[in-house]
Amino acid sequence: MFASLREKLAGTRGAFRKVEDLLRSGKRREEILDGLEEALILADVGVPAAGRILESLRTKTRKDAGQDELERALKDELAAVLSRCPGRSADGPGPAVVLMVGVNGGGKTTSAAKLAARFKREGKKVMMAAADTFRAAAQEQLALWGKKLNVPVVKGSYGADPAAVVFDAVQSFKAQQGDVLLVDTAGRIHTNTNLMNELEKVKRVVAREHPAARLESLLVLDATVGQNAVVQAREFLKFSGLTGIVLTKVDGTAKGGAALAVAAELDLPIKFIGVGEGEDDLCEFSPREFVEALLS
Ligand SMILES: Nc1nc2c(ncn2[C@@H]2O[C@H](COP(=O)(O)OP(=O)(O)O)[C@@H](O)[C@H]2O)c(=O)[nH]1
Ligand SMILES: [Mg+2]
């Protein structure tokens, strides 16, 4: 598992090579710390997070700290940034409804399918709702995943009210006593209604129709856009229901360092990372494991 995460992070590891080179340069602590901030920013960690990490390193390491002490301290700081908002567990008792939200192309539909596969493996009764009614192909894409995973999908018609699709899906979820309902939503909408209002409406429908269900809303962010993931996410923070982040496409990008920028700036826990296009390519996010895979 660890070895495969290391492989999947090959691109991002490349971006962190400068950080490693500095640590192993044999230079004095001062020189290393001076170069480190820039190296972290170049690795897409983000200016605020890089600043905070350096400040901690300066206070927490000894004046004559060597390579090992600096490396250990850096790993601790990176893990601390990534652990800033510990995640609520996605798998508590009782039924759960999980909304996938985020911009088009970020990986919502694929991540919904990956989560469906994951929960199914755990023996849960899983359903999906195709509430992205903006693109006709979006419903079809989820239906195909449903067929492949043998998970029922409730669809609406192209242009239908997403809240109405979710209403139908919740009725059938209750009737069949499902454990997890994954709701794929649109990154854009047909009507003039604001997307965030639309999501609030979907959330209200779930709360009203299935008050016993835990509601989780995962913001799906594409790691390949690097720092822009933070910019993208800000709009979605207007939606009141967010409980966590899925950072996708961490494989094959040099910008996985964006995980640190996202964690530092959004006050939301990263719960999963996407590391490929297949149904098994989703890892539960562990800050320690991520940092060790990145820098060792
Ligand atoms: N390499 C890689 N590709 C991904 C990942 N997640 C999604 N994708 C791809 O990104 C594209 C957009 O994903 P999709 O789920 O349709 O995005 P949506 O518009 O937010 O629903 C598709 O081609 C997916 O196969 C990932 O973790 N790794
Ligand atoms: Mg989609």
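Which helices each supply at least two residues of the lining of the largest pocket? I took this as the opening question of my notebook, and I note that the model is predicted.

**Entry 1: the largest pocket**

I looked up the helices first. H7 and helix H8 (136-149) each supply at least two residues of the lining. H7 gives the most, with five residues. I then looked up the volume of the largest pocket and found about 360 Å³. Its lining comprises 19 residues. Nearest the centre of this pocket lie Gly105, Gly106, Gly107, Thr110 and Lys249. I sorted the lining by residue class: one residue is nonpolar, 11 are polar and seven are charged.

**Entry 2: the occupant of the pocket**

I next asked what takes up the space of the largest pocket. I found that ligand 1 takes this space. Around ligand 1 I recorded 17 residues, of which Gly105, Lys108, Thr110, Asp251 and Glu277 come nearest. Gly105 and Thr110 are thus names I had already written down for the centre of the pocket. Helix H7, which spans residues 108-121, gives the most to the shell around ligand 1, with four residues. By class, the shell holds two nonpolar, nine polar and six charged residues.

**Entry 3: polar contacts of ligand 1**

I then looked up individual atom pairs. At Lys108, a backbone N or O atom lies 2.8 Å from an oxygen atom of ligand 1. At Asp251, the partner is a polar side-chain atom, 2.8 Å from a nitrogen atom of the ligand. At Val275, a polar backbone atom is 3.5 Å from an oxygen atom of ligand 1. I also looked up how much of the ligand is covered: taken alone, ligand 1 exposes 580 Å², and the protein buries 80% of that.

**Entry 4: the cavity**

How many cavities of 30 Å³ or more are there? I found one. The space within the largest cavity is about 50 Å³. I listed the residues that line this cavity: Ala131, Pro162, Thr185, Ala186, Ile189, Leu195, Glu198, Leu199 and Val202. Helix H10, residues 195-209, gives the most to this lining, with four residues. I sorted the cavity lining by class as well, and obtained seven nonpolar residues, one polar and one charged.

**Entry 5: the two linings side by side**

I set the two results together for later reference. The lining of the largest pocket has one nonpolar residue, whereas the lining of the largest cavity has seven. For the pocket, H7 is the helix that gives the most; for the cavity, that helix is H10.

Notes
Residues numbered from 1 in each chain as written. Chains lettered and ligands numbered in written order. Predicted model: local features only at pLDDT ≥ 70, side-chain atom pairs only at ≥ 80, totals over all residues. Heavy atoms only, no water. Near = heavy atom within 4 Å. Polar contact = N/O pair within 3.5 Å; in protein donor to acceptor, adjacent residues only side chain to side chain. Areas by Shrake-Rupley, 256 points an atom, 1.4 Å probe, with all protein chains shown as cover. 1 Å grid on protein atoms, 1.4 Å probe; cavity = no way out; pocket = protein on both sides within 12 Å on 5 of 7 lines; lining within 4 Å. Sits in = over half its atoms within 2 Å of the grid points. Nonpolar A, V, L, I, M, F, W, Y, C, P; charged D, E, K, R; others polar. Points joined across faces, edges and corners; volume = space filled by probe spheres on them.
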